[in-house]
Every structure is written in C-alpha cells, then in structure tokens.
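Hi there,

Here is the structure I promised to pass along. Have a look at it first, and then read on for what turned up.

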There are 2 protein chains.
Amino acid sequence: MHDQYQDRIRMPLLRERVTSAASAAESICDGMTVGMSGFTRAGDAKVVPLALAERARREPLKITLITGASLGNDVDKTLTEAGVLARRLPFQSDPVLRAAINRGEVMFIDQHLSETVEMLRTRQIAPIDIAIIEAIAITETGAIIPTTSVGNSASFAILADKVIVEINLTQALALEGLHDIFIPKHRPQREPIPIMSPSDRVGTTAIEIAPEKIVAIVITEKLDSSSTILPADADTAAIAAHLVEFFKHEVELGRLTERLMPMQAGIGTIANAVMEGFIDSPFEHLSMYSEVLQDSTFDLFDAGKLDFASGSSITLSEAKGKQVFGDIARYKDRLVLRPQEVSNHPEVIRRLGIIAINTALEADIYGNVNSTHVLGTHMMNGIGGSGDFARNAYLAVFATKSIAKGGKISSIVPMVSHVDHNEHDVDIIVTEVGLADLRGLAPRERAQLIVERCVAEPYRQMLRDYMAEANHGGGHTPHVLEKAFAWHVRYRDTGSMLS
Amino acid sequence: MHDQYQDRIRMPLLRERVTSAASAAESICDGMTVGMSGFTRAGDAKVVPLALAERARREPLKITLITGASLGNDVDKTLTEAGVLARRLPFQSDPVLRAAINRGEVMFIDQHLSETVEMLRTRQIAPIDIAIIEAIAITETGAIIPTTSVGNSASFAILADKVIVEINLTQALALEGLHDIFIPKHRPQREPIPIMSPSDRVGTTAIEIAPEKIVAIVITEKLDSSSTILPADADTAAIAAHLVEFFKHEVELGRLTERLMPMQAGIGTIANAVMEGFIDSPFEHLSMYSEVLQDSTFDLFDAGKLDFASGSSITLSEAKGKQVFGDIARYKDRLVLRPQEVSNHPEVIRRLGIIAINTALEADIYGNVNSTHVLGTHMMNGIGGSGDFARNAYLAVFATKSIAKGGKISSIVPMVSHVDHNEHDVDIIVTEVGLADLRGLAPRERAQLIVERCVAEPYRQMLRDYMAEANHGGGHTPHVLEKAFAWHVRYRDTGSMLS
C-alpha cells in the first residue's frame, strides 16, 4: 500500500513506519520535552500535535513544547485548550496561549531565537525527548527534507532520541534544494560559519540523522496557515517613505551604496510595508539576510530590486502563497532557507553588516524599546529574532506607529515599561511622523530628537513637559521616577494615556 | 641628540619628529575628534592630553574624545576641569568627568566597547582627526608597538590622518610580541576572525600605518595608574564560593569539564575576587578570553590554575604590577593583548562559548540588570564590555553584593531603574546570600528563585510582598507599575530603601 509514497519516502524500509497521527502520538509521554517544526506559521507539524490534544482528554498529559517560533493551524490554541502545555519556548503568537501565559498557567520562556538549540546542544535546558518534523520527503539515506521552514527542526531531529516525520503531500517536491542545513560543531571544535554573503550555501539540503531514529511517519495534506499581515496604510507608507529618505541620505554621504547592506525585516504588517517601500526607491541589487520571508520579499523579486533572500521560513498571504509556491522554480535559485541558529547568528549578522528593521511595541525618549510586554506585564508574542539582529547589526531600526487605539496610547513614552532592546543597541526610531537617527548621541540629545521628530501632538508637548521636569533632577538620563509610568497607569485606569 | 632612542624609534627618519608635548598638542584644533589610547587605566596617552588642557586655558578648545575605555593619570579629570571635553565616548570612570556628565555639560555616549571602531570604520560617527597612542617603540617600518593596552589604538591610528606617538620609557621593551593586532576588513570583504582558541594569534605584533602619518613623537616616563580594586572581603568571598559550587555542580551534571570554558571577568573588586576564588577550586587548565586582565589573572597563573589569558589590557595593583612587569618574560608566552573589537567580538565570544562574569549595580526580581545608572538617572561608569560578553556568551553571570550603603540600598529591587542587560540575556544572579540559576525559567519562576536565594531580610519579605501584590494584576511578568520604583524614590527622599 505504501508504494504510492516512493517519491516522498525514498528509503524503502521507512515506508513501513507510516502510521496514523494517533498512533504516532503514542510515542509522546507525560512530562516529555517535544521539539516541533514550525517557524512563523510555516512548516509546522500539523496533525500529531492535534492527536496529542485528543489524547489529553483521556489521560494526564503535560509537555514542554519547543518550536522554531510561532505555529499556525491553531496548534498552540488546541494544545492550550487541552491543557497539554506545561512549558512553552521560545516564541508564540496565539491569543489563547497568550492568555494562558498571562494567567500564569503556561510557563513561557521568551528566548532569542538563535539561542534555543545552543542551550539544548550544551544541555543547559532539559533535553528534547522526541521531535516532530514536517517534511516534503525523506531521502534514500533517511535524511529529512523540510518544507517551508527550517527553524530549529534540524537540531531537534539530531538531538532527539526519536523522530516523528509528518510528510505533507501539499508541499511541493520542488522545494527540495531550497534548504541549507549547517549545524555548528560542539565546542571546542566549533569553527567559523563560512557564510560571507547571503547567497552562500554551506551545508546540506536535508537533515541527516540515523534513520532508525524515525519511529513513525504520518501522511498529511493540511496547508500552512496564511500570514495575517494587513496591507500598507497611510501610516506604514509614511514610515517606509521616511526610511527610504534616510537611506538616500546615507548613500549621498557615502556611507552606503545603492545596494545598501543585507536587510532583515521582522515579522508583521509594519516591517512588510517598509520592505514594500523599497519597490519605488532608487536602490538596486538589494539582498536579504533575514528570518521570515514575507510577501514583500517576492514583490521585491518581481520588481527586479532584490538579488537574493536568505531566511529560515517563508510565510505568505493566501494569494501570494498560491503565486509563489505554484511557481517556486522561478525563485528557487535566489532563495535559501537556513536553521534559525544560522539565519540569526551573531557571527554572521556582524560579519555581513545587517540593516535590521524590527517593530517596537513602544519606545521611550531615550531610545529603549519594548517589543514584548503590554503595560509592562502582559506578554504579546515574544522577542523573537529582533534581539539577535538588533544587537549585532550594522544598523538597528525600530519602527512603530506613533499612536495606537485611536490615539489613546502613545507608542513613544517617557520610559518603556519593559526593555527588550536598550539604548546601547537602538540606532533609528521611525514613526509615521518622522525618523530619529540616534547614532553617536547622548541620551539628552536623543530625547530631544525623538520627541521632536517622531511624536505628534498632544503627546509631543506632554513629553516636552516630562523632559523639563526630569531635567530638574539632573543626571545623564533624566527621569522623574515616580512619573515614569504615569501614562501606563493612566491607560490602565482610564483607558487613555491622555491626561 | 636623538640617538639615545635608537631602540625605541627604530626608523631613523622618525627620530626627527621627537618634540615636546606642548608642541605635539598644537596639531589638535578646536572641534576635532581625538582618538586616544588607554583601556582601563592601562596604556593611556599621558602627557599630550595634559598639554592640551594647558592650552585650553589660553584659547577656546573643545574636542570629542574617544578612547578604548577608562583612563588613568587623572587625564579625564584634567580635561574636564579645563573644559576641553565636549563629547566623550565610549567609557569613563572618573568622578569629576562623571559629575560633568550628570550635569549635562559633557555629552557622554555610553557604547558597547566592541562597537566604537566599527562605527568609525563605517563612518556612522564623526571621523577621528588625530590619534594619540602610547607605545613602547616604533619599528623599522614605522609600525607602533603599544604598551599595556591595545584597546582601540590600532584602528584609531589606521583611521586618523595624523598620529602622535607617546613613547613611554618606563614601559619595558620586553612587552614587544605581547600584542596581536588583527583588524577586520571593510565589508563586503569581511572574513571570519580565525580565532578558535584564546591562545590563537591571528595578527601582527605592531600597528602598521604609513609612517608619514606620525606627525610628532613625545618621550614620557609617567607610569600607568594602578588599579583601585579592594581586597576580597567576606561578601566577595561568599560570592566566589557560590560560583565555585555552581560550577562543580555543572561538572557533575556533565555540562562542563574541569577546564570549564574560557572566562571573561569584568573590571573591579567583585569580578577580581570571583576569579581569585578559582585558586582554591578543583578546576584545572583554565583559560581567559577577557578584556582587562587584573591581579587575579596572574595569581591564577602563579597557582598553576590558568593556562592562557587573552585580553585587551593589563591593569594591576601597585604591588602586583611591580612583580608582573618586573618579570614579564615569565608570563609572556601565556598572554596576548588584542584590539577590544576582537577581545569583545560577538563572533569569537559565541564561538568559544565564554563564561562571562560581570558586576551588576542592581538587578531585579525578573533578572534584568542595571550596570550603569544610579537611581535610573545618574551615570556611574558605562556599560563597558559587559554587554558584548553577556549577550553572546555561553553563560552570563552577574554578581553583586545584596546590599549597599550599610543596608540602606538593596541591590535586588522590584524593577531596575535602568536596563543594560535584559531578562533574555542574564543566566545567573549571584550575591553573598546565594545564587539563582535562571536558565530555562519563566519570569514568575525566576522571581521566586532570585528573592529566595539572593536576598536577605528585610528586603526578602519586602520583595515577597511586592510579588504578591503584583500577582493580583496578572501577566507574564507581574508588576505594580506605580510602585515599581518606590524603593528608589524612597532612597532618594529619605536616604534609605527601607520603609
């Protein structure tokens, strides 16, 4: 019966391990640590986790779930509702899971995306018991070819004792060759990662493991969830325009060429819109060394602006997904998907000199950025790769709309209520109002620039008043500590930061 | 007359450029950016800056001063008092300069020590007009051999149009061969830094520049300022003992061997005492990949515990300095001094897997660390290299005494008043009370551990009360925003954090 999977399971012996999701899920026991494929809704394991949730209705079953990043297909939601998640790392973006995290029911470990497998490899966190990896195929030697993301899948499969593979028949075999699997050696044998350009291929096209570790293979036909980004609006278009102007000026100053530097763009609507802004720009032969490749990457290819894109996943809107994956051969020689440890590696980011463009939840007058916590306490999604990039980049840009909730929230505040990227790491703050270039400036200078360039009234005057009062107390970074969070408290109590 | 300097100025032509400090200082004009040698009081330019201060009494003279790190010989004090400093980066530790910074009179740009020359090389900050470099000698080809630090000296000399060399006759010629000058290429020609072990030498022993750039040579005989570290006390000994116990446990778990991993230790009394703690430990064949090498490095050599130490400077107490520099040949083959860009480079730190041990000014219950700002507003010294190491390390340890000012300050607070190292980057908090291992823990778990392990009464109960109140509001990282800085405000207003 399994002859039909000859092109998908090329090692004949392994065809005998095809089984149901429910049966595969039996390998997972209460208390285990499970490593699952999936990065920004792309290439996630789709059926075994749901079978696990089903089982949890009948028996006690709690696991630590580690993934690449966020999952699609309501996997986090379903596992949360079934009470399966005791611990979750390193990233998530699901509303139901988020609520459970904020109730203190699921312990969420919010990590830099490059660091999770480094900690697993050195056994600094509990080891992976079993890995569940979505694949387009298994090779003649038992190697696993991932689908639309690599994420942490390779290290999960290498480090786990047992591996379950979900072969997804809806993922085109044409994806084969897209991946570049490079795994750093254990220290002290660790060597340089030999990537000198975003297009360098330094590894293998499949995840090589001992085939006997593959304990079950499940056949699926579920699609990746589409991305949820919104189209550009006047504000995101203004943010993109400010950045294009800034880069034009950098080229005029001779700091950059028209190729700029390899770019990273965070996930989401604003970063996608910023990248779209490069379509109508004077820049040419751009390249990306990023983590998630969104619609804008392929729009830039189609516009002839982008030469090459390196990422760890491809997450597209429904329409763009149909176009791209229906014709992947057209893009394949300009794309590579890497393990997130490599896409986000400090060594490569510093060497290539990345322009990192990420989204701020809020920023403060001195250039500190909050990417994760609403009102300083409630987790949104997680830091993701923004820290991997910002802290080692050539240029760290953080973009946000200047206001939220119809003006009841100012995204620029006296002091951020949680710091994910601090003043030492943030180079540029940009809102629809304007752009502040903080490089080489002292805190007092930065504050003036951010308030005058990036903030509109009435918050601009409110921040001027705060700064004036803070300056009475002096210091390198003046603050009025008892009022630093007054805006947040006011929003919590009255529904608006406006006084 | 200059024949006496044959061994110090080996290129005959250059001997004609020997001049007085005052004459050399004439090359420096109002508004210039000056790059000066000096890293943690070691190898600083000692006489030309003082001549500059002298000149400033007679004419308007303001400069941007960039160094490696902190200076000795009251150079920062003298320049501040003379009103010469308009801008200062990337680090300082002088009380007079600090006060001027906190009055807003000197613009201080507090940078990661690895990043300053990267920003200069890419012209993201104003270029160096002139460099002043202390040297033991100039070679036959005009290359500059540094003294007790490398810091940013090599890139300053390479990037500046003009170079003034201070030949220091008190610095032994035996230091020649100690330095390893490796300068990363401009992108996109940038290649991996080929350091695979702390002892790898990858560069030249002198700073190679076009000799015609050397516009003046000044002969000096002033000594480096000695370090001001205090001897170990009961608290620092307890911190060291907790760390030794922790590492013994890591070895038992098989995560580390008795060689541990290459270690970095921040500057100052606590980090020095922690390193001294390894003398009476079961660990062997230790190595350091650090920035400043302090007394403890040589005590560890003498105890047979340390195989090799890589740094960017050597800063010793007076007694230890006499011993070590009087007999440097004994240590020389176990030492290397590198540019701070290389000693602190994210690529090498991540590759080698550094154990980074730095000092916290204060830490909070969730593991965020303040290294720089007293009460959130007033600069102490700067972030230095702590961020370069912590954010890319195998293990980031932050040590502090649990209290300061006789108990009127708790070093563990509900929320740090400034964030230099955030919860994503901090692995271990250790005080004299105990050690909290935060790896793989969610914020609520970290808070419990830090409060119970690292804090003594009465602050322990005060933090328990804060956590209990914060938990009512829920969230991934519970806080009571209006009380988050109540302890700091109370200290400011009453002189004590105790209620």
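Please keep in mind that this is a predicted model. Let me start with the contact between the two chains, where 10 salt bridges are counted between chain B and chain A. One of them pairs A:Glu347 with B:Arg351, with 3.3 Å between the closest N and O atoms. On the side of chain B that touches chain A, helix H13 (346-352) is among the elements that supply at least two residues, and H13(B) gives the largest share, five residues. That side divides into 27 nonpolar, 27 polar and 22 charged residues.

As for the extent of the interface, 76 residues of chain B contact 76 residues of chain A. The area buried between them is about 6400 Å², with carbon and sulfur atoms giving 50% of it. There are also 49 residue pairs in polar contact across this interface.

Over all chains, the structure holds 78 salt bridges. A pair you may like to look at is B:Arg187 with B:Glu118, at 3.2 Å from N to O. B:Arg187 sits in the loop between strands E7 and E8 of chain B and B:Glu118 in helix H6, so this pair ties together parts that are 69 residues apart in sequence. Both residues are buried. In addition, shared partners link A:Glu118, A:Arg121, A:Arg187, A:Arg190, A:Glu341 and B:Arg350 into one salt-bridge network.

For a more local example, see A:Lys248 and A:Glu245, which form a salt bridge at 3.1 Å. Both lie in helix H7 of chain A, three residues apart, or about one turn of the helix. A:Lys248 counts as partly exposed at 30% relative accessibility, and A:Glu245 is partly exposed at 45%.

Best wishes

Note on methods
Residues numbered from 1 in each chain as written. Chains lettered and ligands numbered in written order. Predicted model: local features only at pLDDT ≥ 70, side-chain atom pairs only at ≥ 80, totals over all residues. Heavy atoms only, no water. Contact = heavy atoms within 4.5 Å. Buried area = accessible area lost by both parts, 1.4 Å probe. Salt bridge = Lys/Arg side-chain N within 4 Å of Asp/Glu carboxyl O. Polar contact = N/O pair within 3.5 Å; in protein donor to acceptor, adjacent residues only side chain to side chain. Helix = DSSP H or I, 4+ residues; strand = E, 2+ residues; numbered from the N terminus. Nonpolar A, V, L, I, M, F, W, Y, C, P; charged D, E, K, R; others polar. Buried < 20%, exposed > 50% of the residue type's maximum accessible area, 1.4 Å probe, protein only.
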